[in-house]
Amino acid sequence: MTAGAPRFNLARMTQPAILFVCLGNICRSPLAEAAMRAEAESTGLAIRIDSAGTGDWHIGNPPDQRAQAEAHRRGIDISGYRARQAVPTDFHTFTHIVAMDRQNLADLHAIAPPDPVANLSLLLDHVPGLEGQSVADPYFGGEEGFAETWEQVHRAAQALVQMLTNTR
Ligand code: 4NP
């Protein structure tokens with residue numbers, strides 16, 4: 001930035017765009033994307049929503065069957081979602097990037113460009129009482145892990161929609 005130029009906060013100026021990031025983009029972040037889409041739609045918040053993984057193993061794959069089933073139980077079809085990897089340019093095309101766990105947060109910091117637009121945060125930092133906590137990875141566990149994931153991403157989506165509504 002040129003010395004003396006006005007400091008615009010792009011995150012406050014543009015329509016919000018939020019990217020949820022986990023490791024594989026087949027379990028937690030697709031559920032966060034789904035919860036955010038539902039919450040934004042029900043409150044009329046205009047926002048672009050996407051999800052990605054820090055890893056590349058599942059690029060192009062649909063969400064894990066157990067994640068699809070959890071979303072389906074909530075009346076949401078996520079079978080059309082496809083996994084992609086988070087890239088440095090995401091920091092210029094999203095206003096908010098939200099990591100599911102502390103490792104995702106560290107991995108995102110590592111690929112962030114020097115002049116990011118996006119505000120990077122930990123998902124559960126947006127939920128009163130759960131600050132600093134990670135969304136546990138349900139991939140290696142049972143079905144019940146996905147219900148817990150839903151509860152957490154749903155609460156965070158409610159808080160994020162409220163925050164984004166209040167700051168506009
Ligand atoms: P996610 O879960 O990060 O919530 O999508 C995982 C999915 C796949 C793997 C790890 C975590 N994996 O090792 O393939």
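In this predicted model, strand β1, covering residues 17-22, runs parallel to β2, and six bridges hold the pair together. Within that pairing, F20 sits across from S51 of β2. Zooming out, β1 and β2 belong to an open sheet of four strands with parallel pairing, and the order reads β2-β1-β3-β4. The edge positions go to β2 (48-53) and β4 (119-122); each has just a single partner strand, so one side of each is left with no neighbour in the sheet. As for twist, neighbouring strands are turned against each other by 20° on average, direction ignored.

A helix also packs on this sheet: α5, made up of residues 102-111, touches β1, β3 (96-99) and β4. The direction of α5 makes about 160° with that of β4.

Then there is the ligand. Its surroundings include a run of residues written as C22, L23, G24, N25, I26, C27 and R28, joined by H58, D137, Y139 and F140. C22 appears in this shell, and residue 22 also falls within β1 (residues 17-22). Sorted by character, the shell comes out as six nonpolar, three polar and two charged residues.

Polar backbone atoms of three of these residues come up against ligand oxygen: the distance is 2.9 Å for L23, 3.0 Å for I26 and 3.2 Å for N25. On its own the ligand has 350 Å² of accessible area, and the protein covers 91% of that.

Key. Residues are numbered from 1 along each chain as its sequence is written. This is a predicted model: local features need pLDDT of at least 70, side-chain atom pairs count only at pLDDT 80 or more; totals for chains, interfaces and linings use all residues. Side-chain values use heavy atoms; hydrogens and water are left out. Two strands pair if DSSP finds at least two bridges between them. Helices (H or I, at least four residues) and strands (E, at least two) are DSSP runs, numbered from the N terminus. Axes are lines fitted to C-alpha atoms, for helices over the stretch in contact, and angles run from 0 to 180 degrees between N-to-C directions. Contact means heavy atoms within 4.5 Å. A residue is near a molecule or strand if one of its heavy atoms lies within 4 Å of it. A polar contact is a pair of N or O atoms within 3.5 Å; within protein, one must be able to donate a hydrogen and the other to accept it, and residues adjacent in sequence count only if both atoms are side-chain atoms. Accessible areas come from the Shrake-Rupley method with a 1.4 Å probe; for residues, only the protein chains shown count as cover. Ala, Val, Leu, Ile, Met, Phe, Trp, Tyr, Cys and Pro count as nonpolar, Asp, Glu, Lys and Arg as charged, and the others, Gly among them, as polar.
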